Amino acid sequence: MEKINKDFYNDLPAMVCIQLEDFIIPKYEKEQWFYKAWEEYRQHVKSTDMDSVKMPGFVFNKYIIPYAQ
């Protein structure tokens, strides 16, 4: 299993980190698409000013919804 790069956590509001830690990581980290989605969200946070950062569902739902059907 890959190591999850959390270097962008310092840029996020605490509630977003809690959502990632308590919901997204435990539920989805074993899915084949997880690290691709994680890196996509990480890059979104790193390249966007904090006033425009979207919640994790912005990226993760693109991966979760097709697999849930």
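Is His44 buried or exposed? In this predicted model, His44 comes out as buried, because its relative accessibility is 12% and anything under 20% falls in that class. As for where to look, His44 belongs to helix H2, which covers residues 34–47. Setting aside residues up to four places away in sequence, the neighbours that His44 touches are Ser52, Val53, Lys54 and Phe58. With Lys54 there is also a polar link to point out: the His44 side chain comes to 3.0 Å from the backbone nitrogen of Lys54.

Helix H2 also holds Phe34, and that brings in the aromatic rings. The model has 13 aromatic pairs. One of them joins Phe34 to Tyr35, with ring centres 5.1 Å apart and planes at 85 degrees, an edge-to-face arrangement. Phe34 and Tyr35 are each buried.

Phe34 pairs with Phe60 as well. Here the centres lie 6.0 Å apart and the planes meet at 40 degrees, so this pair counts as tilted. The two partners come from distant parts of the chain: Phe34 sits in helix H2 and Phe60 in helix H3 (residues 57–68), with their positions 26 residues apart. Like Phe34, Phe60 is buried.

Stepping back from single pairs, ring pairs tie a set of residues into a cluster: Phe8, Tyr9, Phe23, Tyr28, Trp33, Phe34, Tyr35, Trp38, Tyr41, Phe60 and Tyr63. Phe34, Tyr35 and Phe60, described above, are among the members of this cluster.

Technical notes: Residues numbered from 1 in each chain as written. Predicted model: local features only at pLDDT ≥ 70, side-chain atom pairs only at ≥ 80, totals over all residues. Heavy atoms only, no water. Helix = DSSP H or I, 4+ residues; strand = E, 2+ residues; numbered from the N terminus. Buried < 20%, exposed > 50% of the residue type's maximum accessible area, 1.4 Å probe, protein only. Polar contact = N/O pair within 3.5 Å; in protein donor to acceptor, adjacent residues only side chain to side chain. Contact = heavy atoms within 4.5 Å. Phe/Tyr/Trp six-rings, centres within 6.5 Å; stacked < 30°, edge-to-face > 60°.
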